[in-house]
Amino acid sequence: LRALLADGYVHHAPRADLTAEQFIGQMRIINAAMTDMEYEIVQTVVEGNMVAILVRSEGTQVGELFGAPATGQRGSTAGATFMRIENGQVAEDWDAWALQTLFAS
C-alpha cells in the first residue's frame with residue numbers, strides 16, 4: 001500500500017486528516033478485525049488526475065471494529081473513494097462508506 005501513496009499523501013477523514021502511516025495503520029486495524037475481507041470494484045470514473053471508485057466489500061467480523069465487539073457474523077457495505085493522482089501515486093483521497101450496513105448485516 002505504501003508504494004501506491006505519494007510522499008505527502010493525505011487521507012481526508014471526517015475527524016482529522018491522516019498521513020500515509022496513519023492511514024496504513026487504520027487499514028491494518030480493519031484487516032485484523034475483518035480477516036476475510038473481499039472488495040469488489042463496481043464502477044470507476046477517471047477525469048484528468050481525479051479518480052472515483054464505487055466499491056462493495058464483505059467480510060466476517062472476527063475482532064473489534066470501530067468500538068463494536070467481534071460478532072463472528074458476515075457483513076457487507078458499500079463506499080466511494082475519490083483520489084487525486086500525482087505522478088502515478090495517490091496524493092490525497094476522500095471516502096464515504098455506509099458503515100451502518102456493515103454492522104446491520
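**Exercise 1.** In this predicted model, find which residue stands opposite Glu-47, and how the two strands involved run.

*Solution.* Start from the residue pair: Glu-47 faces Met-50, which belongs to strand 3. Glu-47 falls within strand 2 (38–47). Strands 2 and 3 are antiparallel and are joined by nine bridges.

**Exercise 2.** Give the strand order of the sheet and state why strand 1 and strand 2 each have one side without a neighbour.

*Solution.* The order is 1-5-4-3-2, in an open sheet of five strands with mixed pairing. Strands 1 and 2 are at the edges and have a single partner strand each, so one side of each lacks a neighbour in the sheet. From one strand to the next, the twist averages 20°. Next, place helix 1: it packs on the sheet and touches strands 1, 2 and 3. The direction of helix 1 makes about 65° with that of strand 1.

**Exercise 3.** Identify the residues of the largest nonpolar core and the elements that each supply at least two of them.

*Solution.* List the members: Leu-5, Tyr-9, Ala-20, Phe-23, Ile-24, Val-51, Ile-53, Val-55, Met-83 and Val-90, 10 residues in all. Then assign elements: strand 1 (5–12), helix 1 (20–33) and strand 3 (50–60) each contribute at least two. Another core, of five residues, lies apart from this one; Ala-33, Met-34, Met-37 and Leu-65 are among its members.

**Exercise 4.** Which residues does Val-90 touch, leaving out those up to four places away in sequence?

*Solution.* With that exclusion, the contacts are Leu-4, Leu-5, Ala-6, Tyr-9, Met-83, Arg-84 and Ile-85. Compare this with the core: Leu-5, Tyr-9 and Met-83 are also core members, as is Val-90.

Terms used:
Residues are numbered from 1 along each chain as its sequence is written. This is a predicted model: local features need pLDDT of at least 70, side-chain atom pairs count only at pLDDT 80 or more; totals for chains, interfaces and linings use all residues. Side-chain values use heavy atoms; hydrogens and water are left out. A nonpolar core is a set of buried Ala, Val, Leu, Ile, Met, Phe, Trp, Tyr and Cys residues joined through side-chain atoms within 4.5 Å. Buried means under 20% relative accessible area, exposed over 50%, partly exposed in between (1.4 Å probe, protein chains only). Helices (H or I, at least four residues) and strands (E, at least two) are DSSP runs, numbered from the N terminus. Contact means heavy atoms within 4.5 Å. Two strands pair if DSSP finds at least two bridges between them. Axes are lines fitted to C-alpha atoms, for helices over the stretch in contact, and angles run from 0 to 180 degrees between N-to-C directions.
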